Amino acid sequence: MSTDDTTEESSTDDSGGHCSTPDSDGEVAEEIAIISFGRKLDTAEEIVEGIGDRYETIDIIEYHGDVFAEHWGEYDCFVGLMASGIAMRKTAPLLDDKWDDPAIVVVDEELTWAIPITGGHHGANQVADDLASLGAVPAMTTASEAAGKQGVEKQAKALSAHVVNGDSTVATNLAVLEDELGPVERLDGPSAVLVDDDVTVLKRNIEDGVVLGTGSVSGADKERFLEAWDHALESVDRDWEDVEFVATATRKEDEEGLLAAAAERDVGVVAFDRETLLDHEGPTPSKAKELIGWPGVAEASAIAGGAEHELALEKQSHEEEVTVAVGR
């Protein structure tokens, strides 16, 4: 996603990846229950083995007629290993409010399809995306995802933040669909803000996080990014649990190695435009500014992304392929 230097962001877990911290709006899923018929328990175990390390809890519960009602409210998301009609009939009477109800995804025994039924923006799309790593095709029907756009809930997840005022997302996601929603803006506190009903407010999940500002040569592979990031974090005595997101330039936002590395660490990628990076230029001279008019990407994006707009670590070069700076 793209943003400017006024972005709300945050948090992480301690499992080597990014933590989708649950919040009052429930737009992320951390506690999962797989509801499975007995004959499909092997597939349920395959799901746990494949994506279990991405969640705080992932339990397998054998299906019976009242299983959803019995466990309603205990999990962020139910994965129904069953026909969609069964899950729909059994959960429909339990639904009350989209901000409080658990998300529901159904998946077939062959792991061909992963279909969010309810709570697409509140965990179901996230889980369906994760099931894609097992070969399932995520069948997204939420309007923004169906149109290939990033809704505000997904933007919040990329920024490791959460939505404070959920009702506002109807208007802001419509603006996403119509290409009328600008970059997420950050207001550094202490401050007070007055907003209308159609302004979505995001709040950082943790304080004192760091941002990995990253540049690279074209075609750098995933391993180079991971090695560079790990070395930079070690240099500032930080862990992956401290990383809010990876920051780069819009001209680098489609680098396959960068995106693959971020996906492996389960962190969001935020791309800053040229004007924003020029406003947050770092101290290390860069040949890129002389050649193409862009400042050094690593330092400028780290400064732009950090809550304090400061560097914790100046630019480091790794294997002459990836540069990293750490912002705070």
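**A walk through the sheet, its helices and its salt bridges**

Helix H1, residues 41–51, lies across four strands: E2 (31–36), E3, E4 (77–81) and E5 (103–107). Its direction makes about 180° with that of E3. Helix H4, residues 124–131, also packs on the sheet. H4 touches E2, E4, E5, E6 and E7. Its direction stands at about 175° to that of E6. The model shown here is predicted.

Now take the sheet itself. It is open and has 6 strands. Read across, their order is E3-E2-E4-E5-E6-E7, and the pairing is mixed. Which strands stand at the edges? They are E3 (57–62) and E7 (137–138). Each has a single partner strand, so one side of each is left without a neighbour in the sheet. In a regular strand, side chains alternate between the two faces of the sheet.

The E7 end of the order shows both kinds of pairing. Start with E5 and E6. These strands run antiparallel and are joined by 4 bridges. One bridge pairs Val105 with Pro116 in E6. The two strands form a hairpin with 5 residues between them. In this hairpin, Leu111 takes a positive phi near 55°.

Move on to E6 and E7. Strand E6 covers residues 113–118 and runs parallel to E7. Here 2 bridges make the join. Trp113 has Val137 in E7 as its bridge partner. Ala114 stands opposite Pro138, also in E7.

Next come the charged side chains. The model has 11 salt bridges, counting a side-chain nitrogen of Lys or Arg within 4 Å of a carboxyl oxygen of Asp or Glu. One of them brings us back to helix H4. Asp130 forms a salt bridge with Arg54, and the closest N and O atoms are 3.1 Å apart. What does this pair tie together? Asp130 lies in H4 and Arg54 in the loop between H1 and E3, so the salt bridge ties together parts that are 76 residues apart in sequence. Are the two residues buried or partly exposed? Asp130 counts as buried, because its relative accessibility is 15% and the cut-off is under 20%. Arg54 is partly exposed, with a relative accessible area of 30%.

Further along the chain, Glu264 forms a salt bridge with Lys222. The closest N and O atoms in this pair are 2.7 Å apart. Glu264 sits in helix H9 (residues 256–265), while Lys222 sits in helix H8 (residues 222–235). The pair links distant parts of the chain, 42 residues apart. Glu264 is partly exposed, at 41% relative accessible area. Lys222 is partly exposed too, at 27%. Both residues belong to a network. Salt bridges with shared partners join Lys222, Asp230, Glu264 and Arg265 into it.

Another salt bridge is formed by Asp221 and Arg224. Their side chains meet at 3.8 Å, N to O. Asp221 counts as partly exposed, with 37% relative accessibility.

Last, look at the surface. Leu187, Val193, Val195 and Val199 make a nonpolar patch of about 300 Å². Where does Val195 lie? It is in the loop between helix H7 (169–177) and strand E9 (202–204). Val195 is partly exposed, with a relative accessible area of 32%. A patch takes residues with over 30% relative accessible area and no salt bridge, so Val195 passes the area cut-off.

Methods: Residues are numbered from 1 along each chain as its sequence is written. This is a predicted model: local features need pLDDT of at least 70, side-chain atom pairs count only at pLDDT 80 or more; totals for chains, interfaces and linings use all residues. Side-chain values use heavy atoms; hydrogens and water are left out. Two strands pair if DSSP finds at least two bridges between them. Contact means heavy atoms within 4.5 Å. Axes are lines fitted to C-alpha atoms, for helices over the stretch in contact, and angles run from 0 to 180 degrees between N-to-C directions. Patches are made of residues with over 30% relative accessible area and no salt bridge: like charges are joined within 9 Å, nonpolar side chains (Val, Leu, Ile, Met, Phe, Trp, Tyr) within 5 Å. Accessible areas come from the Shrake-Rupley method with a 1.4 Å probe; for residues, only the protein chains shown count as cover. Buried means under 20% relative accessible area, exposed over 50%, partly exposed in between (1.4 Å probe, protein chains only).
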